[in-house]
Amino acid sequence: MAATLSGRHVEIAWPDLGITVTAELDARNAVLADALWEALPYQSLQGHALVAGSHLYHVAPMPSLLYLPATTRFDRREAPDGTVFCSALQHLGIKYGTLTEPMPASPVGQVRPEDMAGLAEAGQAVWDSVYSTKKPVLVEVRKAGMGGGHRIPRLTAADPEANRLVGDVHAETERSWLSEPPELADLHRGWIPSGAGSFETVLPTLLFVNGETRPLGYASYGGLVRAVVDGMPLDSLRQMARLLVGTPAEFLGYCGLERLWAFTQRFLACLDHLDRDDFLAVVSQLALYINCLGGWNLQLFPWDTGDQLRQQRPAEVSRQS
């Protein structure tokens, strides 16, 4: 059984559902658990796994999650229900049932047994929210027995132009964190100023926007953050940034995410002026913003459009053929 971190307890609450569960942090990944504890309290849009199974996750406003080391990792399919994870994708996750995706994960705590029924209830309600009703569910994570609250970390850069960019990205992240970003809301309602979407279709554009936004945050910007921390030479970082972020951001701007494209152009324009610390501040702030957009994409996407498509078992396929 994992050693606890001096009895530190975290409450994870979904106020609109009237459900709160308590998790005890443990020492399996003490660095991650410490970072989570120091970031509390915060609120976020609650998401649900769409491919992996019974798993809740949300974007945590913790830039350090992108690079902090994990000492204990194992296949989350084998974890007990109620395991709480911190992810390098900037997520706080909770397993509440069967998972099918073989993904190594970094545990930081465990929901107490008496709260497991409430956790499962929350999981079903969030699944309904993400898949069909589209009514957002917000989560609040706080120290047990303490008041709630919310803040988005604002990083700083020494270069004035870079610092203005960081501030503008931070302000836009704050506006979008708990309320659907207007650009995404318009896109999902079919209002696309550029006309993106062949023959006036909308669904293909939504699909491509989701498919570009997630890897831009998770892999491109998250990868750049990890590369800075791991010591990649600055010239190489600049070259990788130019290779990784411009094309998808320009496409997303065409599809309606004009602020993201404008931020990207400003980043690329000041790239040669940035030292390592400023580079890290800018890409970290942008990663958080883009991961926020990714979370809202998943919430707003009309997943039930394909509700008639259900997995078939081999025997069922044989009977139908």
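**Entry 1: Arg 310 and Asp 307**

I looked up Arg 310 first and found it exposed, with a relative accessibility of 54%. I note here that the model is a predicted one. Arg 310 pairs with Asp 307 in a salt bridge, and the closest N and O atoms are 2.5 Å apart. I list Asp 307 as partly exposed, at a relative accessible area of 32%.

**Entry 2: Arg 142 and the other salt bridges**

I took the salt-bridge total next; the count is 16. Among them is the bridge between the side chains of Arg 142 and Glu 11, at 2.8 Å from N to O. Arg 142 belongs to strand 10 (residues 138-143) and Glu 11 to strand 1 (residues 4-14), so this pair ties together parts that lie 131 residues apart in sequence. I checked burial for both: Arg 142 is buried, and Glu 11 is buried too.

Arg 142 also forms a salt bridge with Glu 140, where the closest N and O atoms are 2.7 Å apart. I find Glu 140 buried, as Arg 142 is.

I then recorded a network of salt bridges that links Glu 172, Arg 175, Glu 183 and Arg 259.

**Entry 3: Trp 303**

I located Trp 303 in the loop between helix 8 (276-300) and helix 9 (314-320). Its relative accessibility is 21%, so I enter Trp 303 as partly exposed. Which residues does Trp 303 contact, leaving aside its neighbours within four places in sequence? I get Leu 50, Val 130, Tyr 131, Lys 134, Asn 210 and Leu 298. For Trp 303 and Leu 50, I read a separation of 253 residues in sequence and 9.1 Å in space, C-alpha to C-alpha.

**Entry 4: nonpolar cores**

I looked up the largest nonpolar core, which has 47 residues. Those with the most contacts inside it are Leu 184, Tyr 221, Leu 260, Phe 267, Leu 274, Phe 279 and Val 282. At least two residues of this core come from each of helix 3 (160-177), helix 4 (182-188), helix 5 (203-229), helix 6 (234-255), helix 7 (258-270) and helix 8. Helix 8 gives the largest share, 12 residues.

I followed Phe 267 further. Apart from neighbours within four places in sequence, Phe 267 is in contact with Leu 165, Tyr 221, Ala 241, Val 245, Leu 274, Phe 279, Val 282, Val 283 and Leu 286. I also noted a second, separate core of 33 residues, with Val 21, Ala 23, Ala 33 and Val 126 included.

**Entry 5: helix 6 against helix 7**

How do helix 6 and helix 7 pack? I read an angle of about 150° and axes 8 Å apart. Angles over 145 degrees count as roughly antiparallel, and helix 6 and helix 7 are therefore roughly antiparallel to each other. The crossing of helix 6 past helix 7 is left-handed.

I listed the residues that make the contact. Helix 6 contributes Ala 241, Arg 242, Val 245, Gly 246, Ala 249, Glu 250, Leu 252 and Gly 253. Helix 7 contributes Glu 258, Leu 260, Trp 261, Thr 264, Phe 267 and Leu 268. Phe 267 and Leu 260 of helix 7 are thus entries I already had among the residues with the most contacts inside the largest core.

**Entry 6: Thr 205**

I looked up Thr 205 last and placed it in helix 5. Is Thr 205 buried or exposed? At 5% relative accessibility, I count Thr 205 as buried. Beyond neighbours within four places in sequence, I find Thr 205 in contact with Leu 187, Ile 192, Ala 196, Gly 197 and Cys 255.

Terms used. Residues numbered from 1 in each chain as written. Predicted model: local features only at pLDDT ≥ 70, side-chain atom pairs only at ≥ 80, totals over all residues. Heavy atoms only, no water. Salt bridge = Lys/Arg side-chain N within 4 Å of Asp/Glu carboxyl O. Helix = DSSP H or I, 4+ residues; strand = E, 2+ residues; numbered from the N terminus. Buried < 20%, exposed > 50% of the residue type's maximum accessible area, 1.4 Å probe, protein only. Contact = heavy atoms within 4.5 Å. Core = buried A, V, L, I, M, F, W, Y, C linked by side-chain atoms within 4.5 Å. Axes fitted to C-alpha atoms, helices over the stretch in contact; angles between N-to-C directions. Parallel < 35°, antiparallel > 145°, perpendicular 65-115°, else oblique. Left-handed = near helix turned anticlockwise from the far one by under 90°.
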